[in-house]
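Thanks, everyone. I have one structure for today, and I will go through a single helix and then the sheet beside it. Here it is on the screen.

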Amino acid sequence: MSTNEMTGAEIFVKSLMEENVDYIFGYPGGAVIGVYDALHDMSHIKHILTRHEQGAVHAAEGYSKATGKVGVVLVTSGPGATNTVTGIADAHMDSVPLVVFTGQVATHLIGNDAFQEADIIGITRSITKHNFLVKDVKQLAWTIKAAFHIASTGRPGPVVVDMPKDVMASTTPFMYPKEVKLRGYHPFYFGHMGQINKAVEIINASRKPVLYVGGGVINSNASKELFNLAKKLNAPVAMTLMGLGAYPAGDELSMGMLGMHGTWYSNVAVDQCDCLIAIGSRFDDRVTGNPAMFSPNSKKIHIDIDPSAISKNVKVDVPIVGDVRHVLERLIPLVNPLDTKDWLAQIEEWRGEHPLRYENGEEIRAQYVIEKIYEITKGEAVITTDVGQNQMWAAQFYGYKNPRSNITSGGLGTMGFSFPAAIGAAFGVEDRPVFSINGDGGIQMNIQEMATAAGNKLPLKIVILNNGYLGMVRQWQDLFYKKRYSHVTLGNNPDFVKLAESFGATGFVTDKTDMVVPILKEAMKIKDRPVLMDFRTIREDNVYPMIPGGGTVAQMLDYPKSVKELKLSKAHSEGAK
Amino acid sequence: MKKHTISILVENKFGALNRIVGLFSARGYNIDSISVGTSEDDSVARVTIVSKGDDDVIEQIIKQLNKLIDVTKVMDLTYDSYVERELVLVKVAANRNTRSELMQISEIFRSKIIDISPRSITIEATGSEQKVDALIKMLDPFGIKEIARTGRVALKREFEGAV
């Protein structure tokens, strides 16, 4: 054996070091036992043992979204691999760069229905950017390089690398390639100058522009360029759920979120504008409602790195395929400052008539909790949210100042995302507080990760907006199904305080509005373990404004004028101190 | 809805065809026919797919195909000048009375009889989809026992119109 000869498992570890991987989120098993053996003496790469493979993938997503780096997952074959599927699909929808390494049974057993065998390549084909089965140890280093390259370039996404047990045990000389050439993969970064010029013509003629900004701005690290463009044009900015944080929420040009639960004024502005500049956003149905009626009077410009995102849902006038940052850099010098005084005044008027609002009282409102988290953290925290009402209230009431602060499952809408994602984010971001916002439903979908969070002494702030319901489904049943609350009551919730304590974390519970701030302040003082805060909120509260699914701005429901109209039920105080 | 002939070059390796077929089923696009074989380059397979769809659906199909890492080139030949052929094998019932008529039909279509038995003959024909359809229509009254069609293969014409 030459000195350079290594096993597949050793090549795996060396290759990850070449890729500057800091953290692996994973879970061992039979098919990867050799790989774990090679990891055992490795101090450069920290392995975080989650308590479920789904948690590992969401943690890797949270880490990636918070840092901009590629998230890395390592799991075993069969059930280990299939447990990653939801997380992989989530990352695919939200363009999160991940490399997921799955163990596989030995090559001679593939197809034999062997113990812990699953065709994970077949299973994940439609939910990955690409996937590889490594059939020969000589291909391993190249494949790992290609996987990181594909995951992190162009429109980012998850890549699965399936590693049979015998391949990882066989040996070959190790040489990590400097680059890989893939003849079918050439992401296009620089927008076509002819298209940029066409866009400039439309922009310079506009009096009522709107910037419609999505997660692509964050992925391409283009917040500064976006800010410069908005300021130069005096153009208001509406952000998608994934785009929150791309533009500072507190700025006068920010209209907050648009879409189904977006602000009234951002939706009306998009409806009335004469020029819609879509930047790294994809005209998702939660934004457009009825696509035929979306922003009917505007000329539309669409900047996106993914050609298939263009004119998929809504026809645009000028598509520009390219990386948002590169395109904006070339676009900004060519556009003129616009006279938008009347337009901005009009939007201010709409904002005054239909602000985001709620009415506070003795019983806790979820919106209030989010607002207080915002105040205490000054908009600087990293917030992960789950899916449903908690996610929408966080989007509406947390004024994100910075990109990579809002970590949520936008496309797939995965319950159980928030908490493990916060664990991953906490490993990536050490200088800012990390808050995980949850409903009482979603937190129970990956509650086992309390062991991971407490075991690693992560100073996570876990917030449960506890209304005893699957709140968003209940809201739809309320509004569209004659209040027939079918199977949305969560009757048997655990005592979350005791649960936290049993894992070695700290727990608080309250159903009183005036206790929210003291608890949050107390939680901020705890630096050596997770803190779980069980806020028992008003039970039947709805998220407003709301454009019903497939609807138009004309059908937008605003917050009911008086609290009496809401018929608020009693707070969910059972068991609260 | 127009029929489109899409020619795809794809890395000739494990699972690559699966990615293409999977994309069509996952996104609800239809496949009228598909044919696969190696191209002029051993490491690349040529896949010819005939798909029906509105222009914007076909545009999405082509963009989605281009996104596949293993796909190196996608051409919609529909609006180009191109040659297309399909091969069909038809096993049709034959007896002493019908055999000579079948052979005449086969000749008219410039097809070949490649198997014969007391009760059947098997005809091999090549041509455009319409020609193959017409042959099948002509053979139908005799009693078709089995049909195997390859689906369309196509290449762009080198010269367009008069040179």
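In α7 of chain A, the buried residues are L140(A), A141(A), T143(A), I144(A), A146(A), A147(A), F148(A), I150(A) and A151(A). This is a predicted model, so please keep that in mind. The helix covers residues 140-152, which is 13 residues. From first C-alpha to last, α7(A) reaches 18 Å, close to the 18 Å expected at 1.5 Å a residue. Right after α7(A) comes G154(A), with a positive phi of about 60 degrees.

What do the buried residues of α7(A) pack against? The partners in chain A are two helices, α1 (8-18) and α8 (165-169), and three strands, β5 (98-104), β6 (130-133) and β7 (158-164). On those strands, α7(A) lies across β5, β6 and β7 of chain A, and runs at about 165 degrees to β7(A).

Now the sheet. It is open, with six strands in the order β3-β2-β4-β5-β7-β6 of chain A, and the pairing is parallel. At the edges are β3 (46-49) and β6 of chain A, each pairing on one side only. Direction ignored, neighbouring strands are turned by 20 degrees against each other on average.

Within the sheet, take β5(A) and β7(A): they run parallel and are joined by seven bridges. Q104(A) stands opposite P164(A), a residue of β7(A).

One other helix lies across strands named here. That is α3 of chain A, residues 53-67, across β2 (23-27), β3, β4 (71-75) and β5 of chain A. Its angle to β4(A) is about 165 degrees. That is what I had.

Notes
Residues are numbered from 1 along each chain as its sequence is written. Chains are lettered from A and ligands numbered from 1 in the order in which they are written. This is a predicted model: local features need pLDDT of at least 70, side-chain atom pairs count only at pLDDT 80 or more; totals for chains, interfaces and linings use all residues. Helices (H or I, at least four residues) and strands (E, at least two) are DSSP runs, numbered from the N terminus. The expected span of a helix is 1.5 Å times one less than its number of residues. A residue is buried if 20 or more other C-beta atoms lie within 10 Å of its own, exposed if 12 or fewer, and partly exposed in between; C-beta atoms are placed from the backbone. Two residues are in contact if their C-beta atoms, placed from the backbone, lie within 7 Å. Two strands pair if DSSP finds at least two bridges between them. Axes are lines fitted to C-alpha atoms, for helices over the stretch in contact, and angles run from 0 to 180 degrees between N-to-C directions.
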